[in-house]
Amino acid sequence: MSLARIIQNGYLSNLEAGLLDRLLPLLRRIELRSKTVVQRMGAPITHVLFPCSGAISLTTSAGGASIQCAVIGREGILGGWIANESVRSPYHAIVRIEGFGLELPMAEFCRATATSHELRGQVARENYLQMAAMSQIVACHAKHSTEQRMCRWLLEYEDRNSDRPIVIKQEEFADMLGVQRTTVTLLVGRLQGVGAVEWRRGRLRILHRDVVQSRACACCRSRSLLTAGLPDQNAAGLTSSSFTATVPPNFSVTSSPVIQHGV
Ligand SMILES: [Zn+2]
């Protein structure tokens, strides 16, 4: 089995073998624990992160709330929209579904990007996808109901890791959607009433995806449409089975302390 096949991250597994060989010794495995802040808005991006399982929420501030604008999982990269050591994060990135990932110092990512045409292409690709995704989110907030948006986010999380719960409190969910807690109570209550979701002690699971899907807007499907014409479609395939094998426990060069705690 090739190295690319044992990497569970879509971005990495789609790199050419020579480039992946260069990057692998530089990667460090980190545990993504629930509510860990992996990038803080306004702080320098010191590492790029390749999630291998779990899901990370990207939020931005508006009127005192932390509105969710993207979810990243094993299909992608966090912080790889630009190769620049002095750039600061435009997002607050927090783990919502626990898992693990592989991190690479930004300095190494910059060095690799400077000498790799393929990696420069990947950075441009991520730029394009992020711009397109954010544009879609703006349109979604303007046109779709809170219930539609809430269900869309639930599906986005489930697409990335369906066997673990989303760790989120009621007030955090309301904050992410930009609504009152009572609205979240009402809308999640409706889903619970028909057995579509379960929410206990801040852990939310989808029990019947079809019900949630029937109440969601179609915005979550936009990314897959956007990547249809790009060269490495698997890198964005959220449900792709192309990277389902397991990273060996001894794969990591070193184990990392948890990055930063607190919201
Ligand atoms: Zn929408």
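These exercises walk through one predicted model, each with a worked solution.

Residues are numbered from 1 along each chain as its sequence is written. Because the model is predicted, local features need pLDDT of at least 70, side-chain atom pairs count only at pLDDT 80 or more, and totals for chains, interfaces and linings use all residues.

**Exercise 1. Confidence and overall make-up**

Task: State how confident the prediction is, and what the chain contains.

Solution. Start with pLDDT, the predictor's confidence in each residue, from 0 to 100. The chain averages 82, and 81% of the residues score at least 70. Over residues 229-263 the pLDDT is below 50. Beyond near neighbours in sequence, that stretch has 66 contacts in the model. Two residues are in contact if their C-beta atoms, placed from the backbone, lie within 7 Å.

Next, list the elements. The chain has 10 helices and 10 strands. Helices (H or I, at least four residues) and strands (E, at least two) are DSSP runs, numbered from the N terminus.

Then look at burial. A residue is buried if 20 or more other C-beta atoms lie within 10 Å of its own, exposed if 12 or fewer, and partly exposed in between; C-beta atoms are placed from the backbone. Of the 263 residues, 39% count as buried.

Last, take contact range. Among contacts between residues at least 6 apart in sequence, 77% join residues at least 24 apart.

**Exercise 2. The largest core**

Task: Find which residues touch the most other members of the largest nonpolar core, and which helix gives the most to it.

Solution. A nonpolar core is a set of buried Ala, Val, Leu, Ile, Met, Phe, Trp, Tyr and Cys residues joined through C-beta atoms within 7 Å. The largest one holds 56 residues. I56, L78, L154 and V212 touch the most other members. Helix α6 (residues 146-160) gives the most, with 6 residues.

Now follow I56. Neighbours within four places in sequence are left aside. Its contacts then include V38, P51, L78 and I94.

**Exercise 3. Two helices**

Task: Check the lengths of α6 and α5, then describe their buried residues.

Solution. The expected span of a helix is 1.5 Å times one less than its number of residues. For the 15 residues of α6 that gives 21 Å; the end C-alpha atoms are 22 Å apart, which agrees. For the 27 residues of α5 (residues 117-143) it gives 39 Å, and the end C-alpha atoms are 39 Å apart.

Turn to burial. In α6, 11 of the 15 residues are buried, so this helix is largely enclosed by the rest of the structure. Among them are W153, L154 and L155, and also R149, E156 and R160. In α5 the buried residues are L119, Q122, E126 and Q130. They pack against α3 (17-23) and α4. An α-helix has 3.6 residues a turn, so residues three or four places apart point the same way.

**Exercise 4. Two open sheets**

Task: Give the strand order of each sheet and name its edges.

Solution. Two strands pair if DSSP finds at least two bridges between them. One open sheet has the order β1-β7-β3, with antiparallel pairing. β1 and β3 are the edge strands, each pairing on one side only. The twist averages 35° from one strand to the next.

Check the bridges. β1 (residues 28-32) pairs with β7 over 5 bridges. There, E31 has F100 as its partner. β3 (residues 47-51) also pairs with β7 over 5 bridges, and P51 stands opposite G101. In β7 (residues 99-105), 5 of the 7 residues are buried, so this strand is largely enclosed by the rest of the structure. Helix α4 (residues 106-115) lies across β3 and β7, at about 65° to β7. Axes are lines fitted to C-alpha atoms, for helices over the stretch in contact, and angles run from 0 to 180 degrees between N-to-C directions.

The other open sheet has the order β8-β10-β9, again antiparallel. β8 (166-167) and β9 (197-200) each have a single partner strand, so one side of each is left without a neighbour in the sheet. β8 and β10 (residues 203-206) pair over 2 bridges. V167 is the bridge partner of R203.

**Exercise 5. One loop residue**

Task: Place I82 and decide whether this residue is buried, partly exposed or exposed.

Solution. I82 is in the loop between β5 (65-72) and β6 (92-97). With 17 C-beta neighbours inside 10 Å, I82 counts as partly exposed. Leaving aside neighbours within four places in sequence, I82 is in contact with V87 and V123. The C-alpha atoms of I82 and M106 are separated by 9.7 Å.
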